Amino acid sequence: MESVPANTRKLRIGGLKVYKLLIVEDEIWEREGLIDFIDWHQLNIEIVGTASNGIQGLKMAKMYLPDIIITDIRMPIMDGLELSRRVKLFLPQCKIIIITGYDDFEYARDAIYVGVYNYLLKPVQKNQLLGTINRVIKDILQEKKQVEHIRILKQQVTERMYAERERFL
């Protein structure tokens, strides 16, 4: 079962960007628990939806383009690693956090290979998840600054090239 808030446009709270979070977890009490575990609003994070398996999660990721996905690894239909692989193809900047009860080296290695942001073991501590979320937000802001810096540099190069061309014509 999946749930989707009606409002999924880019939101801003007091001028700050609201980050979009998708939760993908097959256990309903875990899924609902993640919603209430942290004060997401205080972190400028909106939960754009929840999904009970990787297929639903993938559809929702394509629809809502979340900044952050929290997913379990072992789920029916499509697991969290396959979901992560597929999401990274069209949302390479998406930060994916895996929360799992499986302390298996193979899963952790595969998660690193896929580009998962963090791999947390259940039961996850609130401060552990909060620390990861705060690092995610910091990294997203840093990446956006780098992209903006590159855009400005490209614009300056273009303007200078145009000015030089005009000077020689």
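This is a short tour of a predicted model, from a loop residue to a helix residue and then into the nonpolar cores.

**Stop 1: Asn53.** Select Asn53, in the loop that runs between strand E4 (45-51) and helix H2 (54-64). Asn53 counts as buried because its relative accessibility is 7%, under the 20% cut-off. Show its side chain: one of its polar atoms lies 2.9 Å from the backbone nitrogen of Ile55. Next, add the residues in contact with Asn53 beyond four places in sequence, which are Val24, Met75, Pro76, Ile77 and Met78.

**Stop 2: Leu58.** Move on to helix H2 and select Leu58. With a relative accessibility of 9%, Leu58 also counts as buried. Its contacts, leaving out neighbours within four places in sequence, are Met78, Leu83, Arg86, Val87 and Phe90. Add Ser84 for a distance check: the C-alpha atoms of Leu58 and Ser84 are 8.7 Å apart, with the two positions 26 residues apart in sequence numbering.

**Stop 3: the largest nonpolar core.** Which of its 24 residues touch the most other members? Select Val24, Ile69, Val87 and Ile98. Strand E3 (19-24), E4, H2, helix H3 (80-90), strand E6 (95-100) and helix H4 (105-114) each give two or more residues to this core. H2 supplies the largest share, four residues.

**Stop 4: Val87.** Keep Val87 selected and show Leu58, Ala61, Ile69, Pro92, Cys94 and Ile96, which Val87 touches when residues up to four places away in sequence are not counted.

**Stop 5: another core.** Apart from the largest core lies another, of 20 residues. To find it, select Leu34, Ile38, Val124 and Ile133, which are among its members.

Technical notes
Residues numbered from 1 in each chain as written. Predicted model: local features only at pLDDT ≥ 70, side-chain atom pairs only at ≥ 80, totals over all residues. Heavy atoms only, no water. Buried < 20%, exposed > 50% of the residue type's maximum accessible area, 1.4 Å probe, protein only. Polar contact = N/O pair within 3.5 Å; in protein donor to acceptor, adjacent residues only side chain to side chain. Contact = heavy atoms within 4.5 Å. Core = buried A, V, L, I, M, F, W, Y, C linked by side-chain atoms within 4.5 Å.
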